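Hi everyone, thanks for making the time. I'd like to walk you through one structure today, so have a look at it on the screen and then we'll go through it piece by piece.

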Amino acid sequence: MTIKELKTLGIEIDNLGTSTGSKWFAKGDIISSFSPTNGKLIAKVQSTTRKEYDKVISEAEKAKLIWRDIPAPKRGEIVRQLGEKLRELKPVLGKLVSYEMGKSYQEGLGEVQEMIDICDFAVGLSRQLYGNTIHSERPGHRMYDQYHPLGIVGIITAFNFPVAVWSWNAALALVCGDVVVWKPSEKTPLCAVACQKIIADILKANKLPEGISSVITGDAEVGKWISEDQRIPLVSATGSTRMGKLVATTVAQRLGKTLLELGGNNAIIVTPSADLKMTIIGAVFGAVGTAGQRCTSTRRLIVHDSIYDKVKKALTDAYKQVKIGDPLDTKHHMGPLIDTDAVQMYLNALDKIKEQGGKILVEGKVLSGKGYESGCYVTPVIAEVENHYQIVQDETFAPILYLIKYSGEVDNAITLQNGVKQGLSSAIMTSSLRESELFLSQNGSDCGIANVNIGTSGAEIGGAFGGEKETGGGRESGSDAWKVYMRRQTNTINYTTSLPLAQGIKFDL
Ligand code: NAD
């Protein structure tokens, strides 16, 4: 990626990492952002100090009073302008996502497209923040419920979707009348600087207060300031289950609200009637796409014993075709892991698979030599395992696919699929209506996402996104996920001259 392209996004070699709208400042530690694609320094970002954090929050507090008074459809108009700008910048922002995070350029473009899609969705939503009217039990009374803005929404994001997750939260929160303060992953701060510059320009052009959208940068410590802050009624946190437990506990101490989007351990069940061509394509994309660093990556393939050997052969053959290299070169299917720490975790997982009794079918290794200088490129792995192994129970954020055999009825596969702590995404490949309906029923998948005849990854923004159990229970993006960004109020209006009490209670004076 060239310096000129970075400048299009407002990124210099040295950047300030705190912003309230168009005002940028920062005196904290320097974060150097290296590209996992080639190991080169992209640019530096100076992180946020505690004093600067408090300034950001007090600006946000002022801005929220103005923003919540602007009619929702007019707030939607600002989000519409954000979507328009993103359309214009899609090629270059997609390139930055790919360069800073390491996912393929196609996936980088797809991530920006998700931002555009959620903006479109939010614009429509800005005229549909509906409450219910309710029939009162008392004569001459009317009841309804309505939704009001919460105030400040803190958004903590992970490295693997460095722009889309912010937009899922920000587009909805903004039309709901909230202001947003974003703490991106310290591994991808430049993507955040670029997004904030885009929205800050729009807010400025519309003469709106600076504190409607803010960015703060830094590590877990900066995230903790958000979790502990009584002034932030909702904390939306995306990342590991370990992080989610810490955030949930801290926010619960002050009885704040959380929206948690945490780790997954996603499986595809492959039944005897599965279309094997579709299964293999879905499984390979799900397991090696984004180098296995999607929360919805396919980690487990639970295959019926009658077709197990066939699936195993087809998969191992398909893995031979996977081209690994610079993700900006469209001939490659898989790019690097985010950094060398992630490579070490991948290597540790391979040791554990062997120690715990697994059999590696497609060997993993760290690639070296020309094109692999960053030390972050690894090969995707397939291992035969049993579901109960500790390593299978844990989410390893790397391209490792576990093959697990089931026999008998599909219930046995569903038990294995549900037999992990996480509950994000799941899928079944089948031509049987009975199997598919069982999988989708209350006795089926226990995940937030359950798909039939598609893989586990690649959700659309129209549906609510999130998962159960240790995935955190949060929902963001489509459907009625917007409700979490607002406070519900029930109103009862008496238009008579008497004061009847509910439940028929008599109180005569
Ligand atoms: P991570 O937990 O290391 O970091 C995520 C974010 O949390 C970062 O911004 C980090 O600085 C911050 N953070 C860490 N500790 C914190 C604390 N104690 N208090 C406040 N903030 C804290 O995760 P990661 O490595 O960046 O991302 C990978 C993980 O994210 C995987 O587990 C993946 O499944 C998950 N993820 C989930 C979803 C989802 O929607 N369910 C989406 C993307 C990623």
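I'll start with the domains, go on to the ligand and the core, and finish with a few single residues.

First, keep in mind that this is a predicted model. The protein chain splits into domain 1, which is 3-262 + 472-490, and domain 2, which is 266-452. If you take the C-alpha centres of domain 1 and domain 2, they lie 31 Å apart. There's a record to go with this: UniProt, in an unreviewed entry, has the annotation "domain: Aldehyde dehydrogenase" over residues 30-490. That span of 30-490 is 40% helix and 21% strand, and its end C-alpha atoms lie 48 Å apart.

So what do the two domains share? Contact-wise, 17 residues of domain 1 meet 19 residues of domain 2. On the domain 1 side, the elements that put in two or more residues are helix H3 (72-101) and helix H4 (105-125). H3 has the largest share there, with four residues. And if you sort that side of domain 1 by class, you get five nonpolar, eight polar and four charged residues.

Okay, on to the ligand. How many residues surround the ligand? There are 29, and the closest are Ala158, Gly223, Gly239, Glu261 and Cys295. Two helices give two or more residues to that shell, namely H7 (220-228) and H8 (241-253). Of the elements, H7 gives the most, with four residues. Both domains take part: the shell draws at least three residues from each of domain 1 and domain 2. For those of you thinking about the chemistry of the pocket lining, the shell divides into 12 nonpolar, 11 polar and six charged residues.

Let me stay with H7 for a second. Which residues of H7 are buried? They are Val222, Gly223, Trp225, Ile226 and Ser227. You'll recognise Gly223 from the list of residues closest to the ligand. The cover over the buried residues of H7 includes helix H2 (50-67), strand S8 (152-156), strand S9 (179-183), strand S11 (234-238) and H8.

Now Glu261, another name from that closest list. UniProt, again in an unreviewed entry, places the feature "active site" at Glu261. Glu261 sits in strand S12, residues 257-261. Is Glu261 buried or exposed? It counts as buried, because it has 30 C-beta neighbours inside 10 Å, and the cut-off for buried is 20 or more. Setting aside residues up to four places away in sequence, Glu261 touches Thr238, Gly466, Gly472, Gly474 and Glu476.

Next, the hydrophobic side of things. The largest nonpolar core has 135 residues, and the ones with the most contacts inside it are Ala122, Ala171, Val181, Leu301, Ile302 and Tyr485. This core draws at least three residues from each of domain 1 and domain 2. Apart from it there's another core, of six residues, with Leu424, Cys447, Ala459 and Phe465 among them. To take one of the well-connected residues, Leu301 is in contact with Ile268, Val270, Ala283, Leu401, Tyr402, Leu403 and Ile404, leaving aside neighbours within four places in sequence.

Last bit: some single residues. Pro139 is in the loop between strand S6 (133-135) and strand S7 (141-149). Pro139 counts as exposed because it has 10 C-beta neighbours inside 10 Å. Beyond the residues up to four places away, Pro139 touches Thr496 and Pro500. Compare Asp229, which is in the loop between H7 and S11. With 20 C-beta neighbours inside 10 Å, Asp229 counts as buried, and 20 is just where that cut-off begins. Between Asp229 and Thr471 there are 23 Å in space, C-alpha to C-alpha, and the two are 242 residues apart in sequence.

And for anyone who likes checking backbone torsions, here are two. Lys469 has phi near 50°, a positive value in a residue other than glycine. Lys469 lies in strand S22, residues 468-469, and is partly exposed, with 18 other C-beta atoms within 10 Å. Gln503 has phi near 60°, also positive and also not a glycine. Gln503 lies in the segment after strand S24 (486-494) and is exposed, with 6 other C-beta atoms within 10 Å.

That's what I had, so over to you.

Technical notes. Residues numbered from 1 in each chain as written. Predicted model: local features only at pLDDT ≥ 70, side-chain atom pairs only at ≥ 80, totals over all residues. Near = placed C-beta within 6 Å. Nonpolar A, V, L, I, M, F, W, Y, C, P; charged D, E, K, R; others polar. Domains from an automatic or database assignment. Buried ≥ 20, exposed ≤ 12 C-beta atoms within 10 Å, placed from the backbone. Contact = placed C-beta atoms within 7 Å. UniProt positions renumbered as here; feature names shortened; annotations may be inferred. Core = buried A, V, L, I, M, F, W, Y, C linked by C-beta atoms within 7 Å.
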